[in-house]
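Me: I would like to go through this model with you, one question at a time, beginning with a single helix and moving on to the interior.

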Amino acid sequence: MAPRNGRVPLPAHLALRIALAARELNGVNTGQLLRTLLSVTGEPITEARLARLRLNRLRNRLLSSVDGPPPTLSERQLQRALGLLKGRGVRMPEEPLPTIEPYREGELPDSIRIACTSDGGERLDGSFGSCARFLVYQISPSASRLVDLREPGPVAPHEDRHARRAELLHDCQLLYTLSIGGPAAAKVIRVGTHPIKVMRPIPAREIVEELQQVLASAPPPWLAKAMGSEPAPRVSTSEREDTP
């Protein structure tokens with residue numbers, strides 16, 4: 001889902017880094033540092049772009065872009081701020097896990113079951129091969145419930161990590177994830193689950209609400225296949241941006 005104003009929202013973990021870095025720089029507030037970074041890295045600000053940021057470029061742009069007298073910035077301040085921007089020593093506060101809602105099979109007519117890869121809270125922000133858990137939802141045109149939290153747990157040396165994770169999804173028609181490789185996708189499809197890539201981290205409830213709207217109308221061919229109306233795909237994954 002594209003942002004309504006056409007701009008990509010700043011992820012919470014990057015916003016935290018920028019706020020902490022600004023506190024290290026005398027005479028520079030968060031808004032000024034944000035504008036400086038946009039002028040250096042371009043939009044959107046991403047983890048990869050911050051990782052390429054260099055001390056001299058940050059210093060020079062800060063001194064030239066701040067309104068009024070240039071701030072007095074020591075080498076130590078700049079180094080600490082740059083480290084924070086790159087994520088050194090920064091940890092996001094952990095979001096509480098969502099509560100599982102009671103559900104009996106058949107309680108939501110015309111429903112489907114989906115899984116979302118998650119690393120924190122009720123967010124779709126993980127990759128299939130490394131996420132901390134799968135959020136499992138039962139979704140009908142008129143209602144939805146979070147029916148399970150499934151954690152893959154450790155894998156023995158002789159086990160196939162991707163096959164084990166795929167087995168956790170055996171009763172789900174769809175898997176939403178930030179990333180999944182071809183061999184792993186094939187194993188997910190083999191258990192009857194259709195993988196769909198999402199372009200950026202989002203609240204999992206956004207996916208739920210979108211699917212409810214789709215189910216309330218006429219499901220597109222890709223969803224009809226995933227629901228079993230036609231044979232499931234065997235070789236490729238879908239991109240979420242293809243969904244209505």
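**A helix and the cores**

Me: Which residues of α1 are buried, and on how many sides of α1 do they lie?
Reply: In this predicted model, the buried residues of α1 are L14, R17, I18, A21 and A22. Because they cover an arc of only 130° around the axis, they lie on the same side of α1.

Me: Which residues are exposed on the other side of α1?
Reply: An α-helix has 3.6 residues a turn, so residues three or four places apart point the same way. The buried set of α1 includes L14, I18 and A21, whereas the residues exposed on the other side of α1 are A12 and R23.

Me: What covers the buried residues of α1?
Reply: The buried residues in question include R17 and A22. What covers the buried residues of α1 includes α2 (30–41), α3 (47–51) and α5 (75–85).

Me: Which helix gives the most to the largest nonpolar core?
Reply: The largest nonpolar core has 22 residues, and those with the most contacts inside it include L25, L33, L62 and L85. At least two residues of this core come from each of α1, α2, α4 (55–65) and α5. The helix that gives the most to this core, with 5 residues, is α5.

Me: Leaving aside its neighbours within four places in sequence, which residues is L58 in contact with?
Reply: L58 is among the residues with the most contacts inside the largest nonpolar core. Once its neighbours within four places in sequence are left aside, L58 is in contact with L33, L37, L53, L82 and L85.

Technical notes
Residues numbered from 1 in each chain as written. Predicted model: local features only at pLDDT ≥ 70, side-chain atom pairs only at ≥ 80, totals over all residues. Heavy atoms only, no water. Buried < 20%, exposed > 50% of the residue type's maximum accessible area, 1.4 Å probe, protein only. Helix = DSSP H or I, 4+ residues; strand = E, 2+ residues; numbered from the N terminus. Arc of directions from axis to C-beta. Contact = heavy atoms within 4.5 Å. Core = buried A, V, L, I, M, F, W, Y, C linked by side-chain atoms within 4.5 Å.
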